[in-house]
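Visitor: I am new to this structure and would like to look at it together. May I put some short questions to you?

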Amino acid sequence: MKVRLLGASPEGDKLIAAAAKLCYSPVGIDEISQDLSPEATERFLKMLMDMGHASPIEHVSLSFAIEGVSRTLTHQLVRHRIASYSQQSQRYVRLDQFDYIIPPAIEKNPQAKAIFIKTMEEDQAAYDRLVDLLKEEAQKEFMAEGLPLKEAQKKAEKKAIEDARYVFPNACETKIVMTMNARSLLHFFSLRTCQRAQWEIRDLAIEMVRLCKEKYPILFAKAGPGCLVGPCPEGKMTCGKIHEVRKFFEEEV
């Protein structure tokens, strides 16, 4: 898995502070950015986070490039709807050798790993065969319609991989760019860094927390599962490891 911070709202801390200042001060838009020293900006941010007044932090967005993750992960990721996504297309990109993600429990079990890899190899072989069969048929149809050979070949391959991709598994590796505002990110982290989250998206969320803290340490100081700032929100479904979780985020994230 690779995660990179592609970009972020410039002077995000100051932008949030200016928005908050407009809410709480009798100022106009010409004055909201005045007197926002680093110290004043920090005070505004800490006040907002302590009060739980989250709407001003929506003005800051961060964009991440993510690769080496599975379609299983991205199917979960795109459920977070207040975000923008751009994912590598299996419809337009032919995968002559698709990469795949092996879950840790399968990786450490030799027999399970052998079954898994054999299945991936069979999927690739099936995909290649389907592309060849469908491309040949489509090419004949396009040429019968009067298209030149090269154009017919190009359109036929696109049409072939569009349907052949259905044979790919959830383990298939993918790449995606995601943009979220800071408020949505904090909500995302509260759910997906939880011990009860699925392992792959949890690994992703933890790495994103690290990147966010590097960029905006005050804003994301308390980013993580809900149990960092209060009792476990999972109730009876709690993992029961609140002290270990808090220690992990304090020392390693």
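Visitor: Are F189 and F220 buried or exposed?
Guide: F189 and F220 are both buried, meaning under 20% relative accessible area (over 50% is exposed, in between partly exposed; 1.4 Å probe, protein chains only). This is a predicted model, in which local features need pLDDT of at least 70, side-chain atom pairs count only at pLDDT 80 or more, and totals for chains, interfaces and linings use all residues. Residues are numbered from 1 along each chain as its sequence is written, and side-chain values use heavy atoms, with hydrogens and water left out.

Visitor: How many aromatic pairs does a search of the whole structure find?
Guide: The search finds seven aromatic pairs; rings of Phe, Tyr and Trp (its six-membered ring) pair if their centres lie within 6.5 Å, with planes under 30 degrees apart stacked, over 60 edge-to-face and the rest tilted.

Visitor: Why is the pair of F189 and F220 edge-to-face?
Guide: The ring centres of F189 and F220 are 6.3 Å apart and the planes are at 70°, so the pair is edge-to-face.

Visitor: And which residues have the most contacts inside the largest nonpolar core?
Guide: They are F64, L185, F189, M208 and F220, in a core of 43 residues. Such a core is a set of buried Ala, Val, Leu, Ile, Met, Phe, Trp, Tyr and Cys residues joined through side-chain atoms within 4.5 Å.

Visitor: Changing topic, where does the charged end of K215 sit?
Guide: It sits over the ring of Y216, 5.8 Å from the ring centre; the criterion is NZ of Lys or CZ of Arg within 6 Å of the centre and within 35 degrees of the ring normal.

Visitor: What about M51, how exposed is that residue?
Guide: M51 is partly exposed, with a relative accessible area of 49%.
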